Amino acid sequence: TKETHLKYLSEALALARLSPPQPTNFRVGCVIVSFADTDSDSDSDSRTTLSTGYTLELPGNTHAEQCALTKLAQQHQIAEDQLYQVLTPQVNAVLYTTLEPCGKRLSGNLPCVERIIATRRIGGTGGGGVRKVVFGAKEPGTFVTDSKSLQRLNQAGVEWEFVQGLDEEILRVAMEGHVRTEKVDKAEEATRLGQQPDE
Ligand SMILES: Nc1nc(=O)c(N)c(NC[C@H](O)[C@H](O)[C@H](O)COP(=O)(O)O)[nH]1
Ligand SMILES: [Zn+2]
């Protein structure tokens, strides 16, 4: 339910605040939750937090979702492409991230949407893995304007939901380290309005 989603998005936002502000990325928080033995993210009481992450938590140019997935694999001493062994269908894993997962990164590093899809068996085509992604804000157009991460999730059969309510605060925290320029403001405004900023 929306209350459950907002509860976990708030937890993820608290994690985002731990991220050191940078002008070259966003401060994002991520929580991976198991809604075991329910077939949806209903209000079952058997919810457990499997892993958390925030931008730059782990060494290197790391994203929040990337850190949560890497830490989960480390906890179980398995490789990240073996996470389907942990994230079985019965675990019913939902990944909460304050900002929609990236579909493209200016650094060229593997986007988080691919890391999320790869938690499923057989390179992302099998069962299990992250069943659903819940995020609280769309990615502003500061760095990339055509991430296509949501189309990619649809294509891979991973559910997603944009839960409104915290987006203003999420974006303020995400962009704390940014230098305000006319160009950046225009790109972010255009994305907020759902337009492709004119190049
Ligand atoms: N969902 C998400 N979680 C994060 O932890 C994070 N930092 C971003 N940021 C998205 C943004 O598009 C990329 O940060 C830039 O494209 C620069 O790319 P790098 O981060 O240097 O790979 N997005
Ligand atoms: Zn990412």
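Student: Which atom of ligand 1 is 2.9 Å from a polar backbone atom of alanine 64, and what makes this a polar contact?

Tutor: The atom is an oxygen of ligand 1, and the pair counts because a polar contact is a pair of N or O atoms within 3.5 Å, a limit that 2.9 Å satisfies. This is a predicted model, in which local features need pLDDT of at least 70 and side-chain atom pairs count only at pLDDT 80 or more, whereas totals for chains, interfaces and linings use all residues. Residues are numbered from 1 along each chain as its sequence is written, chains are lettered from A and ligands numbered from 1 in the order written, and side-chain values use heavy atoms, without hydrogens and water.

Student: What is the distance from an oxygen atom of ligand 1 to an N or O atom in the side chain of serine 107, and to one in that of threonine 55?

Tutor: For serine 107 the distance is 2.5 Å, and for threonine 55 it is 2.8 Å, so both pairs meet the definition. The protein covers 97% of the 500 Å² of accessible area (Shrake-Rupley method, 1.4 Å probe) that ligand 1 has on its own.

Student: How many residues surround ligand 1?

Tutor: There are 20, each with a heavy atom within 4 Å of the ligand, and Asn61, His63, Arg105, Ser107 and Glu139 are the closest. The shell divides into nine nonpolar, six polar and five charged residues.

Student: How do you know that strands β4 and β5 pair?

Tutor: Strands pair if DSSP finds at least two bridges between them; β4 (residues 130-137) and β5 (residues 159-162) have four, in the parallel sense, and therefore qualify. Lysine 132 stands opposite glutamate 159 in β5.

Student: Why is β5 called an edge strand?

Tutor: In the open five-stranded sheet, ordered β2-β1-β3-β4-β5 with mixed pairing, β2 and β5 each pair on one side only, which makes them the edge strands.

Notes. A polar contact is a pair of N or O atoms within 3.5 Å; within protein, one must be able to donate a hydrogen and the other to accept it, and residues adjacent in sequence count only if both atoms are side-chain atoms. Ala, Val, Leu, Ile, Met, Phe, Trp, Tyr, Cys and Pro count as nonpolar, Asp, Glu, Lys and Arg as charged, and the others, Gly among them, as polar. Helices (H or I, at least four residues) and strands (E, at least two) are DSSP runs, numbered from the N terminus.
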